[in-house]
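Me: I should like to learn how to read confidence and strand packing in a model. Please take me through the features one at a time.

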Amino acid sequence: MRMSDYAIKIENLSKRYRIGYEQQTRDTFAEVISDWISRPIKNYRRLRSLTQFDETNGEAEDIIWALKNVSVAIKPGEVIGVIGKNGAGKSTLLKILSRITYPTSGKVELNGRVSSLLEVGTGFHPELTGRENVYLNGTILGMTKDEIDRKYDEIVDFSGVSKFIDTPVKFYSSGMGVRLAFSVAAHLEPEILLIDEVLSVGDAAFQKKSLGKMEEVSQEGRTVLFVSHNMGAIRSLCSRGILLEEGRLVKDGEVDKVINCYLSSKDISTAGRLGWSEADAPQDKELILFGIELVSNTGEVKTTFQIDEGFEIRIHYQLREEVRNLRLYLRFKTTMGETVFATYEDAQIQQGFNRKPGHYTASCKIPPNILNNLTYRIYIGFDSPGHKVLIPGREYLEVDIIDTSDGYRYAKGAFDGPIRPVVSWQVDERK
Amino acid sequence: MKINKRAIENQEKTIVIDTKKKGWRLINWQELWQYRDLFLFLVWRDIKTRYAQSILGVGWAVIQPVFSMIVFTIVFGNIAKVSSEGMPYAIFSYTALVPWTFFSTSLTSASGSLISSKNLITKVYFPRLVIPIAPVLGKMIDFGISFLILLGLMVWFGVKPTIWSLMIPVFILLMMLTSAGVGMWLTALSIQYRDIRYGSNFFVQLLMYASPVIYPASSIPEKYQFIYSLNPMVGVIEGFRAALLGTRAMPWQYLGIGSLMAVFFFVTGALYFRSMERYFADVA
């Protein structure tokens, strides 16, 4: 293998997209007719403009820069986390690196065999059997048939669906399909691996297994570019981070620092709020769930909290009718789907309590130094125990708990287990 | 050993992604060769899934030309009494339907291929050319089956093939070149302009009347012969008839002009496809 200084060298990369035009509405019959006649010409111009950019009006309103002058040099073996909120250009960057789309200007050099994993199970065909899909998906991801032949048994073992491998995939449960697909992807052996948020698939046990596989991959000396919203995963897998904001590279460096920089940028805070209008809110005859918020002690709404920072979950709902024994329940779950703990609003209320119609806000205070350095999912539901389910429980929000203290490195970050409470220790020397 | 060699081949490459045009190389054969496994799997998937969960399965490859033949024989052969140059009308039209069905079905599936492969295009890299070319190869299976039926019909009607039958592989090549060329045009256009997809079925249907499927090419008036010969399928179909049925002399003029046109379609199709492929993921 030829030695090169860089695995990936990105120079002044920019990518421009044209976004859709707004359609004007016509309200007279004559306008409708004339619009109808001129429409094909307009449509032709619009469709043509998707690939033709007029250089003189490069800053027109319908153009957005998904990436603007991004330069990064990545050495072989580096594992890099790409961070940024939705629409910051993370996926566009990966798409350019995987040669799916082309840059508007700038240049990329890739040294080594590249595989990209932007989705699990690309090209899976429901009519084909598991075995056939392994081959098809493997070649689509860039493996040769010989390579798949060699790894076939390993792939099937890892997926755990060997019993059904000769059954068409359309008869699989969705979990089985995903497991098989991830398993193919996990056995790629490229020098450069580009991954876009694929760990959130499958059931708990399988997620654990795939995270383990990812860690293994990132320690094998491959160059990995990993896009994720899961700061816990980024922190545990990556050594270096790059932060994108509106298509620009705003921070590049040690992963903890970049994560901190990202978390302190205030734009992210709104993501800790979920709200619905009356029409599309989760609801039942008696009850409407209007919104859920994650609020820090300082009153800020956000999704990421320091491990030593407590926060509150506020749930806004309206009762339309009096409900007997209304119970609001909340569970903290890991991203693997295991419940960490459950808590009930009615814990303080005695049997036979009726809540009157009206607007309510329930607040659940989570004390500091209880949760681990992990991403948790908040699961909420309403029922009237022994009587009926009002709003069935489901996961609504994700909350990231992080530890960015400057502590001794073995005493910070994620500990084993789903929680990380601070307990008191005392050591006495015995005489 | 083979595996390692290929792995090394791939490793040594530096891939450069930039905004430069790729020069005059029409098709990157080397890259297509590297992705040959994918290519074969896509062709295979196309064949395998086309007839999945159908009762007749591959029988459908037979039904389309055979039923067209029956209908044409009744309508054009018996009612309209179109000339079949002394042959039973059934075999006269079926000989044309074998290459024509290949051409029309590979065009319609090529024009829909980018859209139906949208998911692949926006998620993984592979030479995009695989997409319009795979259906052309996939339809060769159907072609093979319907060609066997043709041989059966020839035995049934007691038709003896001429020595020119040795030219059949050349006609097949010409037919594939035309399909691939027009297919590349339609594919590249269809991803940006969906009209192409809706229009191409209809267009291909009309094109059948501009090809000697239901009538012999000899019934076209002299003054339109040149325009008529611009359609490469005219040479292919008349070539099939000349070689297998001996109804006419070898149509050298059709074949000559047709081959030039086929090359023209293929080269311009490849050029246009290449100039558009970098936008596929953006407009798909």
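**Confidence and a covered strand**

Reply: Over residues 1-12 of chain B, pLDDT (the predictor's confidence in each residue, from 0 to 100) stays under 50. For these residues the model has 16 contacts (heavy atoms within 4.5 Å) beyond four places in sequence. Where pLDDT is low, the predicted coordinates should not be read in detail.

This is a predicted model, in which local features need pLDDT of at least 70, side-chain atom pairs count only at pLDDT 80 or more, and totals for chains, interfaces and linings use all residues. Residues are numbered from 1 along each chain as its sequence is written, chains are lettered from A and ligands numbered from 1 in the order in which they are written, and side-chain values use heavy atoms, without hydrogens and water.

Me: Which element of chain B has the lowest mean pLDDT, and which the highest?

Reply: Helices (H or I, at least four residues) and strands (E, at least two) are DSSP runs, numbered from the N terminus. In chain B, helix H1 (residues 2-11) has the lowest mean, 44, and helix H11 (residues 232-245) the highest, 94. Chain B averages 85.

Me: Why is strand S7 (residues 223-227) of chain A largely enclosed by the rest of the structure?

Reply: Buried means under 20% relative accessible area, exposed over 50%, partly exposed in between (1.4 Å probe, protein chains only). Strand S7 of chain A is largely enclosed because five of its five residues are buried. A:Thr223, A:Leu225 and A:Val227 lie on one side, A:Val224 and A:Phe226 on the other.

Me: Which residue of S7(A) is the bridge partner of A:Ile80?

Reply: Two strands pair if DSSP finds at least two bridges between them. The partner of A:Ile80 is A:Leu225, and four bridges join the parallel strands S3 (residues 79-83) of chain A and S7(A). A:Leu225 is also the bridge partner of A:Leu194.
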